[in-house]
Amino acid sequence: MNDAVLSTTVLRPFDTRRAVNLAVTTWFSIAAIGHGIFLAYILAVFYPPIAQSGLHGLQGLDHLPAGFREGDTLGNLAAVAHVLLAAIVIGGGPLQLVPAVRRHAPTFHRWLGRSYLLAAVISSVGGLYMIWTRHSIGNLWSQITISVDGVLILVFAFLALRNVMAGRIAEHRRWALRLFMAASAVWFLRVALMGWATLTGGWGIDWESFTGPFVYALGVGQYLVPLAMLQWYFHCQKRDAGHRAQLAFVSTLVPLTVFMAIGIFAATMGMWLPRI
Ligand code: HEM
């Protein structure tokens, strides 16, 4: 049986384009809830001590060993700006992608977009500064892989801005979506780590030193997997996209979404709720 016959006889009753949209909407809704929980954690854990003690606010936080150094004002400023602006990145990202917000509140979309872009850029520069001047968890591989993410954020932010200023909206949308994936990589890392730990008991993870095969894979996987899936989604949206490619995309995204949901639950219960 050739391809054309196969797609009419077997796949015809099943609208693969609608299946792609449904799978992506489901993925996005669950990811948005997960971002909301991480946002609540950031607001509850970092904002009160910074409001109370300023640059000394991150002193003595066990889970943020690189948050404070006595005498290093510039580094402490970078750390404080990093966690404060993380709230705009994690809270604003999903909101920017809701079509109804773009349609019904275009001015809000524009202002949130500008704030998101600026927050992502400053957060990345602060993160790069912290990672190369202070000893954090992980090893050189983790430092390099998260730095690549920092550079991707800067490049994608620049391209999203340049395209919208030139009125190329379709291009802007693609770069803005890539920016969202790169800026949320730190969220994907936490969710994937906890999901994996739940399913495998922590195979390939040394929790003390934050090293091990799974941690190394996650170093690049935190942004490469979301970016690859996004590229595949762009392909599936094309007018001439084949049913098989769309079906393969849905068959990959559904288990990844289940894994993500498990990870969100595990990160909420094991990482975020206990510290709020
Ligand atoms: C723009 C997206 C980013 C967001 C939203 C973000 C968010 C956060 C948050 C919430 C924390 C606190 C850790 C926690 O309690 O879980 C943190 C810590 C940190 N981030 Fe980021 N981050 C981003 C990008 C980066 C990048 C690109 C780098 C490095 C190049 C980086 C380096 C760090 C470092 C070094 C810490 C401190 C870890 C420690 O104390 O050991 N971040 N980040």
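Q: What area does the chain expose?
A: Accessible areas come from the Shrake-Rupley method with a 1.4 Å probe, and for residues only the protein chains shown count as cover. Carbon and sulfur atoms supply 69% of the exposed area of the chain. The whole of that area is about 14,400 Å².

Q: What kind of model is this, and from which number does residue numbering start along each chain?
A: The model is predicted: local features need pLDDT of at least 70 and side-chain atom pairs count only at pLDDT 80 or more, while totals for chains, interfaces and linings use all residues. Side-chain values use heavy atoms, with hydrogens and water left out, and residues are numbered along each chain, as its sequence is written, from 1.

Q: How many helices are there in the chain?
A: Helices (H or I, at least four residues) and strands (E, at least two) are DSSP runs, numbered from the N terminus. The chain has 0 strands, and its elements run α-α-α-α-α-α-α-α-α-α-α from the N terminus on. The number of helices is 11.

Q: What radius of gyration does the chain have?
A: The radius is taken over C-alpha atoms, and the globule rule is 2.2 Å times the number of residues to the power 0.38. For 276 residues, a compact globule would therefore have a value near 19 Å. The value of the chain agrees with this, at 20 Å.

Q: What percentage of the residues in the chain is buried?
A: A residue is buried under 20% relative accessible area, exposed over 50%, and partly exposed in between (1.4 Å probe, protein chains only). Of the 276 residues in the chain, the buried ones make up 44%.

Q: Which residue gives the iron atom of the ligand its donor from the protein?
A: Donors are N, O and S atoms within 2.8 Å of the metal (3.2 Å for Na, K and Ca); water is not among the atoms, so sites may look incomplete. The iron has a single protein donor, an NE2 atom 2.1 Å away. The residue that holds this donor lies in helix H4, residues 73-96. It is His82.

Q: Is Phe210 buried or exposed?
A: Phe210 sits in the loop between helix H9 (185-200) and helix H10 (213-237). Its phi is positive, about 50°, although Phe210 is not a glycine. Because its relative accessibility is 13%, Phe210 counts as buried.

Q: Which residues does Tyr216 touch, not counting those up to four places away in sequence?
A: Tyr216 is in helix H10 and counts as partly exposed because its relative accessibility is 31%. Its C-alpha lies 9.4 Å from that of Gly138, 78 residues apart in sequence. With contact meaning heavy atoms within 4.5 Å, Tyr216 touches Asn139, Trp141 and Thr211.

Q: Which residues is Leu227 in contact with, leaving aside neighbours within four places in sequence?
A: Leu227 is also found in helix H10, and its relative accessible area of 15% is why it counts as buried. Between the C-alpha atoms of Leu227 and Phe180, 47 residues apart along the chain, the separation is 9.5 Å. The contacts of Leu227 are Leu152, Phe156, Arg178 and Met181.

Q: How far apart in space are Gly36 and Gly91, C-alpha to C-alpha?
A: Gly36 has its place in helix H2, residues 16-45, and counts as partly exposed because its relative accessibility is 35%. In sequence, Gly36 and Gly91 are 55 residues apart. In space, their C-alpha distance is 6.4 Å.
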